[in-house]
Amino acid sequence: MTPKADNVPLSGHYDAPEGQSITPESEDAALGRNFAERLADALGATPQAVVAKRSRVSTSVFGKYLQGSEPGLFKAVRIARALGVDLAWLATGDGAPNHDAAGFVAVPIYDVRLAAGMAQFSDAARVVGQAPFDLQLLRQLGRVSAEGLGVLEAEGDSMEPTIPDGARVLIDMKDTRLREGIFGFRFDNDLRVKRLRRIGEGVEVISDNPRYKPELIEAQDLERFEIIGRVHWIGVTI
């Protein structure tokens with residue numbers, strides 16, 4: 001009977017300390033500990049529950065992997081993908097954590113400008129370049145990969161000093177749940193970046209520059225309103 005792939009343990013190489021022999025039990029235990037260490041390194045500041053959910057693994061089982069248990073092949077593949085790391089490195093320690101040896105990932109830059117005050121709109125976003133982002137930084141922002149991320153440029157002074165005119169912003173287009181924070185959004189044909197918060201059934205649009213008064217999008221106008229994504233990072237040229 002052929003075992004299911006998800007029950008097949010990961011394999012790797014283990015050298016026993018001098019004077020000790022290698023037994024299947026000692027090798028498996030060492031590999032489990034090493035896998036747990038690599039898993040913890042890859043996890044960084046990302047919440048354990050987030051990666052467990054994206055890997056389709058229960059939080060309790062994921063916790064056991066961090067304590068030394070070893071996943072089957074299919075689960076290891078899903079975990080590696082969720083963390084954005086190389087499967088061979090995660091499973092055996094061979095190679096580098098990421099295919100990009102520098103530890104950076106490319107995030108697309110779009111030609112759409114988010115108008116922070118003076119609105120400007122483009123019907124079709126076109127990728128015009130790539131911006132390298134440190135994977136560790138993305139993990140600190142609660143992301144385990146660059147999927148759904150985009151870099152766009154803001155215009156105007158309404159969000160100064162937080163977002164100066166011409167600043168680039170990193171937007172998570174998978175993070176569209178409305179709560180208090182800075183978001184890129186569309187209202188009619190205007191693309192904007194502002195601080196949003198829910199007020200009753202409507203949405204308050206707030207500029208960090210005190211020269212601009214808050215605006216209110218009424219409940220009946222929300223069909224004209226769409227969140228593009230949450231702003232997670234701001235880049236400014238000095």
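## Two hairpins in a row

Let's start with a turn in this predicted model. Strands E5 and E6 make a hairpin, and 2 residues lie between them. In that turn sits Asp-188, whose phi is positive, about 55 degrees. Strand E5 covers residues 181-187 and strand E6 covers residues 190-199. The two strands run antiparallel and are joined by 7 bridges. If you want to find one cross-strand pair by eye, look for Phe-185, which stands opposite Arg-192 in E6.

Now follow the chain along E6. Where does this strand lead? E6 forms a hairpin with E7, again with 2 residues between the strands. Here the turn holds Gly-200, with a positive phi of about 60 degrees. Strand E7 spans residues 202-206, and its antiparallel pairing with E6 has 5 bridges. Leu-196 is the residue to look for here, as it stands opposite Val-205 in E7. A helpful background idea is that in a regular strand the side chains alternate between the two faces of the sheet.

## A salt-bridge network at the turn

Asp-188 deserves a second visit. Which residue does its side chain meet in a salt bridge? The partner is Arg-224, at 2.6 Å from N to O. These two residues come from distant parts of the chain, 36 residues apart. Asp-188 is in the loop between E5 and E6, while Arg-224 is in the loop between strand E8 (215-217) and strand E9 (225-235).

Arg-224 also has a salt bridge with Asp-221, this one at 3.2 Å from N to O. Together, Asp-188, Asp-221 and Arg-224 are linked in a network of salt bridges. Are these residues buried or exposed? Arg-224 is partly exposed, with a relative accessible area of 35%. Asp-188 counts as partly exposed too, at 35%, and Asp-221 is partly exposed at 21%.

## Another charged pair

In general, side chains of opposite charge can pair when their charged atoms come close. The count for this structure comes to 9 salt bridges. One of them joins Glu-147 to Lys-174, with the closest N and O atoms 3.6 Å apart. This pair also links distant parts of the chain, with the two positions 27 residues apart in numbering. Glu-147 belongs to the loop between helix H6 (135-140) and strand E3 (149-155), and Lys-174 belongs to the loop between strand E4 (168-172) and E5. Both Glu-147 and Lys-174 are exposed.

## Aromatic rings that meet

A pair of aromatic rings is described by the distance of the centres and the angle of the planes. How many aromatic pairs are there? The count comes to 2. In one of them, the ring centres of Phe-133 and Trp-233 are 4.9 Å apart and the planes are at 80 degrees, so the pair is edge-to-face. Phe-133 is in strand E2 (residues 127-134) and Trp-233 is in strand E9, 100 residues apart. Phe-133 is buried, with a relative accessible area of 4%, whereas Trp-233 is partly exposed at 30%.

The pair of Phe-185 and Phe-225 has ring centres 5.5 Å apart and planes at 50 degrees, so it is tilted. You have met Phe-185 already, in strand E5; Phe-225 is in strand E9, 40 residues apart from it. Phe-185 is buried, with a relative accessible area of 0%, and Phe-225 counts as buried at 13%.

## Helices around a nonpolar core

Next, turn to the helices. Helix H3 takes in residues 59-66, and Phe-62, Gly-63 and Tyr-65 in this helix are buried. Why do these residues lie on the same side of H3? They cover an arc of only 155 degrees around the axis, and that puts them on the same side. After H3 comes Gly-68, with a positive phi near 125 degrees.

Phe-62 also appears in the largest nonpolar core, which has 17 residues. The members that touch the most others are Leu-39, Val-51, Phe-62, Ile-79, Leu-83, Val-85 and Leu-90. At least two core residues come from each of helix H1 (24-43), helix H2 (48-54), H3, helix H4 (73-83) and helix H5 (87-92).

Leu-90 makes a good close-up. Setting aside neighbours within four places in sequence, Leu-90 is in contact with Phe-35, Arg-38, Leu-39, Ala-76, Ile-79, Ala-80 and Val-85. There is also a second, separate core of 12 residues, including Val-112, Ala-154, Ala-167 and Val-169.

Terms used:
Residues numbered from 1 in each chain as written. Predicted model: local features only at pLDDT ≥ 70, side-chain atom pairs only at ≥ 80, totals over all residues. Heavy atoms only, no water. Buried < 20%, exposed > 50% of the residue type's maximum accessible area, 1.4 Å probe, protein only. Helix = DSSP H or I, 4+ residues; strand = E, 2+ residues; numbered from the N terminus. Arc of directions from axis to C-beta. Pairing = 2+ DSSP bridges. Core = buried A, V, L, I, M, F, W, Y, C linked by side-chain atoms within 4.5 Å. Contact = heavy atoms within 4.5 Å. Salt bridge = Lys/Arg side-chain N within 4 Å of Asp/Glu carboxyl O. Phe/Tyr/Trp six-rings, centres within 6.5 Å; stacked < 30°, edge-to-face > 60°.
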